[in-house]
Amino acid sequence: MSIATGIALITGSAQGIGRSIALRLARDGFDIALNDVSSKREQLRAVADEVDKIGRRTLLVPADVSVEQDVKGMVQDVSKQLGGLDVMVANAGIGRLKSLITTELEDWDRTMAVNARGPFLCYKYAAQQMIKQGRGGRIIGASSVLGRSAVPICAPYAASKFALRGLTQSAALELGKYKITVNAYAPGLIKTPMTEALEVDIAEADMEMFNVAISRLSTRAIEAESQPEEIASIVSYLASKEAHFITGKTMRKFQDF
Ligand code: NAD
């Protein structure tokens, strides 16, 4: 095994975009800490096996990103057991398709807890650790195309992804002096277990509103489906040495402007 490029922690990496990011950063030479909720331990283990085959060290850190003590403990474990933290990817997220008038307070609270509080905690504890280490770092969060321009039937999700962009810009301005960059990726629709799970919501959705949502999401200059691997390649670039001057940016839906 060669010397690692650094140590990366990816939240929500048992599946979907997070899994692809973990494998891509492993191929880039990072040792990888894999996080997801504890009920996905077996899936996390399978991703760890794939990282092992690439030849990098792995650590499983199951935790709920919406719980402060979990995130604090996860960053401490990674730093202690892998020797530091150079890249934090706050990828974990949840989403539903529901109209505003049927969205329950619990839906709003849970979405904001995972998609906005979670990244806030990940950014905060990663930044503390990176400042302590004194070797710079990369913090990267998951926004969405809906974090810049909302569509119907996703109010809490869109609000949480707008929040992620504000968090990213403010953190970038504070952390630049420590050579820590803070950026986000903002994909359009990518086929993952999250979008597959939305089938249930779609079956119950107001079709008029759903069609408005789909037509607003469908503007693109290149007619191609993005895959999780393509999002992972953006993260790979943001984590690379060459991207040291890019900060505060949200890299948005890639076939449109
Ligand atoms: P996914 O549902 O396939 O994977 C997300 C992972 O996050 C899951 O494994 C889930 O268990 C985990 N997670 C959920 N709550 C958690 C918590 N509290 N603590 C730790 N882990 C938790 O979703 P995905 O499509 O791979 O999406 C990844 C990120 O990209 C999300 O933030 C999502 O909002 C964002 N995104 C996805 C799309 C898309 O079309 N797939 C588009 C734009 C943005």
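Two strands count as paired if DSSP finds at least two bridges between them. The exercises below apply this to a predicted model.

**Exercise 1.** Determine how many bridges join S4 to S5, and which residue of S5 stands opposite Ala90.

*Solution.* Start with the bridges: S4 and S5 run parallel and are joined by four of them. Turning then to the individual residue, Ala90 is found opposite Gly141 in S5. On the question of cover, Val87 and Val89 lie on one side of strand S4 (residues 87–90), Met88 and Ala90 lie on the other, and all of these are buried.

**Exercise 2.** Identify the sense in which S5 and S6 pair, and state whether the residues of S6 are buried or exposed.

*Solution.* Strand S5 (residues 137–142) pairs with S6 in the parallel sense, over six bridges, and Gly137 stands opposite Ile180 in S6. For strand S6 (residues 180–186), seven of its seven residues are buried; Ile180, Val182, Ala184 and Ala186 cover one side, while Thr181, Asn183 and Tyr185 are on the other.

**Exercise 3.** Classify the packing of H4 and H5 by angle, and describe the residues of their contact.

*Solution.* Helix H4 (residues 105–133) and helix H5 (residues 155–175) pack at an angle of about 15 degrees, and their axes are 8 Å apart. Because angles under 35 degrees count as roughly parallel, H4 is roughly parallel to H5. The crossing of the two helices is right-handed. The contact includes Trp108, Phe120 and Tyr123 of H4, and Tyr157, Lys161 and Leu164 of H5. Sorted by character, the residues of this contact comprise 17 nonpolar, four polar and one charged.

Terms used. Residues numbered from 1 in each chain as written. Predicted model: local features only at pLDDT ≥ 70, side-chain atom pairs only at ≥ 80, totals over all residues. Heavy atoms only, no water. Axes fitted to C-alpha atoms, helices over the stretch in contact; angles between N-to-C directions. Helix = DSSP H or I, 4+ residues; strand = E, 2+ residues; numbered from the N terminus. Parallel < 35°, antiparallel > 145°, perpendicular 65-115°, else oblique. Left-handed = near helix turned anticlockwise from the far one by under 90°. Contact = heavy atoms within 4.5 Å. Nonpolar A, V, L, I, M, F, W, Y, C, P; charged D, E, K, R; others polar. Buried < 20%, exposed > 50% of the residue type's maximum accessible area, 1.4 Å probe, protein only.
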